[in-house]
Amino acid sequence: MVNSPQNPRQNQRQELDLTSFSAAGGEPVEWRISDTPVPYAEAVAAMEARVAAIAAGEAAELVWLLEHPSLYTSGTSGKATDLLDPRFPIFATGRGGQLTYHGPGQRVAYVMLDLKRRRPDVRAYVASLEELILRTLAAFNVRGERREDRVGVWVKRPDKGADHEDKIAAIGVRLKRWVSFHGIAINVEPELSHFAGIVPCGVTDARYGVTSLVDLGQLVTMADVDVALRQAFEELFGPTRALLPEVAA
């Protein structure tokens, strides 16, 4: 499920104590799932409002699971040259990272946690989000791995050739007053050809592509992934409280 002990980046993550973000005695994190695709601008506005409320002590922490209509987003390191075919709308966003695709069949998890209360360590928080993805994939017998020179979570693809790997999940984080937002995206069953409109996260090497759980032969549903994701989240961050599907605000 993780890299070999020789991988220096993995060793750094282990030293960070990835379970240290569980807030003892705190309120459960609200766990919300939207059943229909949420427009990107609407989601960002909702996150901004919720983050402000969390920082002010007026709202509980939240994990919001959703899908977006097909679109591209450009993070703070995005380059115009990485947009190859503007077939979908593109949105500039304040999260870290470069260009990525979101669309139906991809589980996006927007994670809004008060890191000032839990642990004000950005590097450790990002490592914990990576671990959240690794544990979720492991529930379906998929070995996700970190790479020191590439962001996101990757799987080896020896069936495509020597040293070939595909990206299966992305991470993009932003903090405001030590409250996190944006989060992770796991490819469950998106249309993989839609990634061809961009250079995903700036990775141009032909050995590195994009995959999904279904592309790897795992016939899982979005609901299956949600169950595994919630279990892994609770292991790392503490208890959750499920809410009825609705727009997060």
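**Notes on a small sheet, two buried residues and an aromatic cluster**

1. Let's start with a pair of strands. Strand β3, which covers residues 71-74, runs alongside β4 in the parallel sense, and the two are joined over 3 bridges. If you want a spot to look at, find S74: its bridge partner in β4 is A92. Keep in mind as you look around that this is a predicted model.

2. Now for the other side of β3. Here the pairing is with β5, in the antiparallel sense, over 4 bridges. S74 turns up again, standing opposite L99 in β5. So which order do the strands take in the sheet? The order is β4-β3-β5, an open sheet of 3 strands with mixed pairing. Because β4 (90-92) and β5 (99-102) each have a single partner strand, they stand at the edges, and one side of each is left without a neighbour in the sheet. On average, neighbouring strands of this sheet are turned by 25° against each other, ignoring direction.

3. Stay with β5 for a moment. Which way do its side chains point? L99 and Y101 point one way, T100 and H102 point the other way, and all are buried.

4. Next, take a look at Y40, in helix α2 (residues 40-55). Is Y40 buried or exposed? Its relative accessible area is 5%, and under 20% counts as buried, so Y40 is buried. Leaving out neighbours within four places in sequence, Y40 is in contact with H68, L71, T73, F91, T93, Y110 and H182. Y40 also shows how folding brings numbers together: Y40 and H102 are 62 residues apart in sequence, yet their C-alpha atoms are 9.2 Å apart in space.

5. H182 was on that contact list, and it deserves a paragraph of its own. You'll find H182 in strand β10, residues 179-187. With a relative accessible area of 3%, H182 is buried. Its side chain makes a polar contact with the side chain of T93, at 3.4 Å. Not counting residues up to four places away in sequence, H182 touches a good list of others, including Y40, V44, M47, R95, Y110 and R174.

6. On to the aromatic rings. How many aromatic pairs does the structure hold? There are 12. One of them is Y125 with F237, an edge-to-face pair with 6.3 Å from centre to centre and 70° between the planes. This pair links distant parts of the chain: Y125 sits in helix α4 (residues 122-138) and F237 in helix α5 (residues 222-237), 112 residues apart. Y125 is buried, with a relative accessible area of 0%, and F237 is buried too, at 1%.

7. F237 has another ring partner. F233 and F237 form a stacked pair, 4.7 Å centre to centre with 20° between the planes. Both residues lie in helix α5, 4 residues apart, which is about one turn of the helix. Both are buried as well. Together with F21, W31 and Y125, these two form one aromatic cluster.

8. Finally, zoom out. The chain has 5 helices and 12 strands, and buried residues make up 51% of its 249 residues. Of the contacts with a separation of 6 or more, 72% come from residues 24 or more positions apart. The accessible surface comes to about 10,800 Å², with 52% of it belonging to carbon and sulfur atoms.

Key: Residues are numbered from 1 along each chain as its sequence is written. This is a predicted model: local features need pLDDT of at least 70, side-chain atom pairs count only at pLDDT 80 or more; totals for chains, interfaces and linings use all residues. Side-chain values use heavy atoms; hydrogens and water are left out. Two strands pair if DSSP finds at least two bridges between them. Axes are lines fitted to C-alpha atoms, for helices over the stretch in contact, and angles run from 0 to 180 degrees between N-to-C directions. Buried means under 20% relative accessible area, exposed over 50%, partly exposed in between (1.4 Å probe, protein chains only). A polar contact is a pair of N or O atoms within 3.5 Å; within protein, one must be able to donate a hydrogen and the other to accept it, and residues adjacent in sequence count only if both atoms are side-chain atoms. Contact means heavy atoms within 4.5 Å. Accessible areas come from the Shrake-Rupley method with a 1.4 Å probe; for residues, only the protein chains shown count as cover. Rings of Phe, Tyr and Trp (its six-membered ring) pair if their centres lie within 6.5 Å; planes under 30 degrees apart count as stacked, over 60 as edge-to-face and the rest as tilted.
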